[in-house]
Amino acid sequence: MAAALSRALKLPGKKGSELGEYDPLTQADSEDESEEDDLVLNYPRNGLGRDGCLGTGSSKMRSSSRPGRLVGAEDEEQDDPEEEEEEDEWRERLSGKSRQGRDDVKGLQYWSHRDLSSERIGEERAGAGVLGGSGRGVHITEEEKRMRMTNAVRSAFFLVPLVCATLVVLLCAFLIPCQKRELEKRLQWERALGDAGGVTPPALALWDADGDSVEDVFLGVTEWTNDTHATQGSKIYSAVALSAVGGRELWRKVLRESVMSIQCGLQHSTQNVCLLIGKSVIMAVNGITGMKVWSVRLRSIESQAVLLPDLQGDSVPDLLVATLPEDEILDLSLTLISGETGAILGDPVSYNLTGQGKLIGPLLHETQQGAYYILFGLGNVEAISLQDIYINATKKMPINQGLKRKDSEWEGLKKTNSSFILIYRGAELVVFLLPLVAGFGSNHNSLDAVSNLNASRSDWALVYGSSKLSLLRHKDLKKEWTFSSASVRSQPTPGHFNNDGVLDLFMQHSAYGTMTAQIINGTNGHLLWTAEFLCPHLVLEASTVSTSTGQSVFLFWASEPIRGKRNVTKTTVAPGVALGEPLIRKLFLLHPVYPTILLELSSTTDTAVTSAVSYQEHQKDATYITVSSRPTPDSEPTARIVKSISLRAAIAKGRIVRLGESSKTGAAMKPSTSELNKFFRRLSFRYQ
């Protein structure tokens with residue numbers, strides 16, 4: 001064994017002078033040497049080396065205590081039992097050590113004795129003696145400390161993101177729904193603004209003024225001063241912007257005359273502009289602050305502003321309005337206004353129109369050949385080229401390439417020696433003309449370029465004679481179909497009732513205390529849905545709201561539905577309503593999936609005079625905004641009430657009303673109440 005150890009360690013200074021003249025390397029049996037060499041050299045590889053830190057009795061100390069002993073075959077046989085005892089003793093000691101102690105032993109082993117100096121060997125022998133005293137001591141090295149620190153840092157890097165992710169999930173699961181519910185509450189508000197002054201609808205517009213992605217409310221307001229109604233000068237006229245979230249006042253602009261209409265969305269340089277249109281003044285104000293941008297005085301304004309293409313090359317759309325001419329012999333004038341400065345472009349162009357009745361338009365239309373025409377008339381519909389209007393007003397050729405075009409098919413419809421193109425003229429006067437575009441009217445005359453572009457390229461819904469509805473094709477100016485009904489009370493509302501992709505039309509008409517609501521197929525003019533109600537005594541058009549499935553829900557005001565057939569007689573009081581009792585008006589929601597089911601969203605005794613729909617894209621919700629007249633004591637004027645409700649919140653609290661057999665909708669559906677509640681509460685809304 002000593003021979004093998006000597007060969008493995010190659011200890012310096014262990015030559016014949018110290019061992020006598022005897023060299024154990026030449027006398028040892030080669031076979032026994034190989035066995036002992038394997039035994040000795042395998043200990044470090046197994047972590048059981050005799051040179052390790054295992055206490056007294058190590059191989060190094062025993063070999064040094066017998067420097068002169070001859071190693072022969074007989075000694076080999078005597079050493080074998082001793083080696084076995086030593087190995088047993090090592091195993092017993094090692095079995096009591098922890099795993100950490102074994103790692104320490106491995107860490108202190110030197111694996112190649114041939115590459116170490118004698119000084120290094122002495123230091124490690126001393127270390128082994130210290131640790132071997134008890135057989136249980138643990139020596140913690142700097143490397144182990146670094147390893148522990150590294151493990152702790154790794155654990156921290158794993159646990160900290162895990163905890164953060166858990167907190168984020170909890171916040172999303174609990175706080176975000178709370179924020180949505182809080183926003184729904186803030187979208188529902190009511191505010192009294194000024195005096196009603198009868199049932200005349202006030203100016204109403206929607207536009208995002210404060211940059212919160214929710215359309216705010218712009219309203220024309222009339223108020224009395226000094227609690228006296230004696231003179232006209234005791235009234236204060238103003239335009240007010242209200243936040244759609246909470247109803248707080250954003251700004252107020254006092255004017256000299258009442259506001260007939262408000263239109264927002266005109267792109268003016270770097271700001272959005274709203275137009276406040278009175279009887280003789282058009283004022284452009286900053287939609288965010290209400291500060292004046294420009295104003296122009298005109299004579300007797302008769303229409304809203306029409307958004308035109310850029311006529312001057314200043315990258316700002318220009319405007320057109322209808323006014324009364326100075327020459328009373330003529331019927332109407334069309335005036336061009338610069339959208340950038342408010343200056344009048346040239347002179348007003350006056351026309352002598354044939355016909356009598358309600359002013360129709362003006363509306364801008366772009367033909368399939370890219371030519372622009374203005375549609376307008378008195379009891380009928382005529383068209384004139386925008387190029388002709390511009391040339392007559394400015395006495396020069398337009399620089400806009402679109403204005404240089406004329407549609408050959410439309411020009412072929414002109415009469416001899418006339419600049420007008422006849423769109424419709426008949427014995428029955430025209431009551432309404434509206435582009436067949438989803439959401440038209442619900443945006444309340446927005447000057448947004450995209451909305452106006454869609455409206456200028458569509459077909460038209462034409463109501464004439466107060467009882468006939470026709471679809472007028474823009475490509476050839478011919479009627480697609482005609483539907484006849486009773487007297488139409490309000491402008492039809494386009495929306496998607498069926499799944500053919502063509503807009504259908506919701507209509508209302510009243511007779512003998514009964515209101516009839518109908519939906520007409522936009523493809524062929526056939527009746528899709530109808531229902532009868534007690535007359536609510538309102539003149540208010542319905543609203544449509546587009547859902548995420550592409551179909552529309554229809555919102556309309558009525559009284560109680562009439563479920564059974566009955567004989568109608570002339571009466572001035574709605575059936576079922578006693579004299580002196582207030583009339584209850586209800587807001588209903590109709591969804592095409594359940595045509596025999598209505599959802600009652602609210603009920604009131606107020607008289608709604610105008611309404612609008614605003615979308616909240618992030619919440620997939622919509623708000624329904626109404627302006628109503630509320631009765632007050634005789635000594636006070638009627639109050640003007642502005643109210644906003646969240647549709648999803650109202651649907652969650654809505655009451656289901658079954659129409660039964662009175663609706664002509666084919667096979668009756670009888671869904672359960674729980675099924676209906678589940679369906680309606682899952683509705684989501686998107687911008688049309």
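This passage describes the disulfide, a buried histidine and a nonpolar surface patch in a predicted model.

Within the predicted model, the count of disulfides comes to 1, and this bond joins Cys264 to Cys274 with an S to S distance of 2.1 Å. Because Cys264 belongs to strand β6 (residues 261-268) and Cys274 to strand β7 (residues 271-277), the pair ties together parts that are 10 residues apart in sequence. The torsion about the S-S bond of Cys264 and Cys274 is about 110 degrees, and the disulfide is therefore right-handed. Cys264 is buried, at 1% relative accessibility, and Cys274 is likewise buried, with a relative accessible area of 1%. Among other cysteines, Cys535 is buried with a relative accessible area of 8%, whereas Cys164, with a relative accessible area of 43%, is partly exposed.

His591 is placed in the loop between β28 (585-590) and β29 (597-604), and, since its relative accessible area is 2%, it counts as buried. The side chain of His591 reaches the backbone nitrogen of Val593 at 3.1 Å. When residues up to four places away in sequence are not counted, His591 touches Thr547, Gln551 and Val553, together with Phe679, Phe680 and Leu683.

On the surface, a nonpolar patch is formed by Met149, Val153 and Phe157, which together have about 340 Å² of accessible area. Of these residues, Met149 lies in helix α8 (residues 142-186) and counts as exposed, because its relative accessibility is 55% and the exposed class begins over 50%.

Notes:
Residues are numbered from 1 along each chain as its sequence is written. This is a predicted model: local features need pLDDT of at least 70, side-chain atom pairs count only at pLDDT 80 or more; totals for chains, interfaces and linings use all residues. Side-chain values use heavy atoms; hydrogens and water are left out. Helices (H or I, at least four residues) and strands (E, at least two) are DSSP runs, numbered from the N terminus. Buried means under 20% relative accessible area, exposed over 50%, partly exposed in between (1.4 Å probe, protein chains only). A polar contact is a pair of N or O atoms within 3.5 Å; within protein, one must be able to donate a hydrogen and the other to accept it, and residues adjacent in sequence count only if both atoms are side-chain atoms. Contact means heavy atoms within 4.5 Å. Patches are made of residues with over 30% relative accessible area and no salt bridge: like charges are joined within 9 Å, nonpolar side chains (Val, Leu, Ile, Met, Phe, Trp, Tyr) within 5 Å. Accessible areas come from the Shrake-Rupley method with a 1.4 Å probe; for residues, only the protein chains shown count as cover. A salt bridge is a side-chain nitrogen of Lys or Arg within 4 Å of a carboxyl oxygen of Asp or Glu. A disulfide is a pair of cysteine sulfur atoms within 2.5 Å.
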